[in-house]
Amino acid sequence: MEFLSYETLGLLFCVALIAGWIDSIAGGGGLIALPALLGAGLSPAQALATNKLQGSFGTFAATMNFYKKGHLNLKEIWPIIVMTFIGAALGTLAVQAIDASLLIDVIPFLLVGMGFYFLLQPQIGTQDRKARIGVWAYGLFFGFSIGFYDGFFGPGTGSFFAVAFITMMGFNILKATAHTKILNFTSNIASLLFFILGGQMVWVVGLVMAMGQLVGGYLGSHMSMKHGGKIIRPLLVVISFAMTIKLIWSSPDHIIHQWVVTLFNL
């Protein structure tokens with residue numbers, strides 16, 4: 001592709017900063033970053049690959065910040081990290097052979113359901129509760145499957161991990177957010193390795209946005225630790241609904257998209 005102007009690169013840096021800030025709190029940063037990459041002229045494959053590169057830096061910054069402040073226990077969840085890596089690697093391979101658009105019919109319903117879950121359950125995640133399953137069970141069922149989903153499709157991955165941590169492992173919302181970041185980072189790295197091997201990476205764009213992600217990831221994780229559920233919960237609700245709208249509206253074949261068009265004669 002042609003070299004992008006300094007103005008465009010500067011804009012992408014700012015986009016990455018905002019995406020990193022949102023992603024470190026509630027997930028969904030790709031909702032902002034990926035359309036920006038496509039708008040800058042990257043092909044879909046290049047945009048997906050470059051998005052994984054810049055997103056890895058944001059999740060790394062957030063992970064390190066949570067770890068240094070004592071909100072993240074890597075020894076406790078290493079089996080989940082391993083299973084997430086394997087799942088994401090397989091998902092990245094699968095997306096090259098299977099049409100990922102098949103998930104667009106299902107994911108919006110899961111996202112809006114998750115949004116209402118946090119909206120209508122204001123006390124969920126306010127404190128630690130007894131775990132329903134062990135670490136290995138979480139890794140096998142949720143680490144692997146959500147990791148596979150992230151490598152295969154992606155939108156809402158962080159939110160899905162957070163909900164699973166709260167409901168299955170009994171984590172409070174801040175602890176769930178902190179542990180979600182290391183799994184986000186793991187799945188990003190797994191996918192990134194295969195995208196690099198595929199030769200789709202636009203390095204200049206990815207590294208410029210990576211710097212923005214570092215700043216955004218650090219600021220967002222710091223804000224999460226300072227304000228906890230007061231900021232995480234509302235953003236989880238907003239991001240869930242925003243991703244639902246984005247996925248449906250960008251998919252003309254989706255049944256809800258067709259209902260809206262018909263209803264309002266758009």
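A cavity here is a set of grid points where a 1.4 Å probe fits but cannot get out. Keep that in mind for the third exercise below. The model you are looking at is predicted.

**Exercise 1. Get your bearings**

Task: Find out how many helices and strands the protein has, and what share of its residues counts as buried.

Solution. Start with the elements: the protein has 11 helices and zero strands. Written out along the sequence, that gives the pattern α-α-α-α-α-α-α-α-α-α-α. Next, look at burial: 50% of the 266 residues count as buried. Finally, check how the chain meets itself. Take the contacts with a separation of 6 or more; 81% of them join residues 24 or more positions apart.

**Exercise 2. Track down the salt bridge**

Task: Which residue forms a salt bridge with Lys52, and which helices do the two partners sit in?

Solution. Begin with the search of the whole structure, which turns up one salt bridge. The partner of Lys52 is Asp150, and their closest N and O atoms are 3.2 Å apart. That passes the test, because a salt bridge needs the side-chain nitrogen within 4 Å of the carboxyl oxygen. Now place the two ends: Asp150 belongs to helix H6 (residues 135-152) and Lys52 to helix H3 (residues 44-68), so to speak distant parts of the chain, 98 residues apart. In general, side chains of opposite charge can pair when their charged atoms come close. One last step is to check the surroundings: Asp150 and Lys52 are both buried.

**Exercise 3. Look into the cavity**

Task: What is the volume of the largest cavity, and which residues line it?

Solution. First, count: the structure has one cavity of 30 Å³ or more. The largest cavity holds about 40 Å³ of space. Then go round its wall, where you meet Asp23, Ile25, Ala26, Gly27, Gly158, Ala162, Thr177, Thr180, Lys181 and Leu236. Sort these by class and you get four nonpolar, four polar and two charged residues. To see where the wall comes from, turn to the helices: H1 (6-26), H7 (157-168) and H8 (173-197) each give at least two residues to the lining.

**Exercise 4. Two polar residues of helix H3**

Task: Are Asn65 and Gln46 buried or exposed, and what do their side chains reach?

Solution. Take Asn65 first, which sits in helix H3. Its relative accessible area is 4%, so Asn65 is buried. The Asn65 side chain makes a polar contact with the side chain of Ser221, at 2.8 Å. Leave out neighbours within four places in sequence, and Asn65 is in contact with Tyr218, Ser221, His222 and Met225.

Now for Gln46, which is also found in helix H3. Gln46 has 18% relative accessibility. The cut-off for buried is under 20%, so Gln46 counts as buried. A polar atom of the Gln46 side chain lies 3.0 Å from the backbone nitrogen of Ser43.

**Exercise 5. Two tryptophans**

Task: Which residues are Trp203 and Trp136 in contact with, once neighbours within four places in sequence are left aside?

Solution. Trp203 is part of helix H9 (residues 203-227). Its relative accessibility is 43%, so Trp203 counts as partly exposed. The contacts of Trp203 are with Leu53 and Ile196. For a longer jump along the chain, try Thr50: it is 153 residues from Trp203 in sequence, yet the C-alpha atoms are 7.3 Å apart.

Trp136 belongs to helix H6. With a relative accessible area of 47%, Trp136 is partly exposed. Trp136 is in contact with Trp78 and Pro79. The C-alpha atoms of Trp136 and Met83 are separated by 8.9 Å, with their positions 53 residues apart along the chain.

**Exercise 6. A loop residue**

Task: Where is Ala131, and what does Ala131 touch?

Solution. Look in the loop between helix H5 (107-120) and H6 to find Ala131. At 37% relative accessibility, Ala131 is partly exposed. Not counting residues up to four places away in sequence, Ala131 touches Met168, Met169 and Gly170. Its C-alpha atom is also 8.8 Å from that of Ile166, 35 residues away along the chain.

How values were computed. Residues numbered from 1 in each chain as written. Predicted model: local features only at pLDDT ≥ 70, side-chain atom pairs only at ≥ 80, totals over all residues. Heavy atoms only, no water. Helix = DSSP H or I, 4+ residues; strand = E, 2+ residues; numbered from the N terminus. Buried < 20%, exposed > 50% of the residue type's maximum accessible area, 1.4 Å probe, protein only. 1 Å grid on protein atoms, 1.4 Å probe; cavity = no way out; pocket = protein on both sides within 12 Å on 5 of 7 lines; lining within 4 Å. Points joined across faces, edges and corners; volume = space filled by probe spheres on them. Nonpolar A, V, L, I, M, F, W, Y, C, P; charged D, E, K, R; others polar. Polar contact = N/O pair within 3.5 Å; in protein donor to acceptor, adjacent residues only side chain to side chain. Contact = heavy atoms within 4.5 Å.
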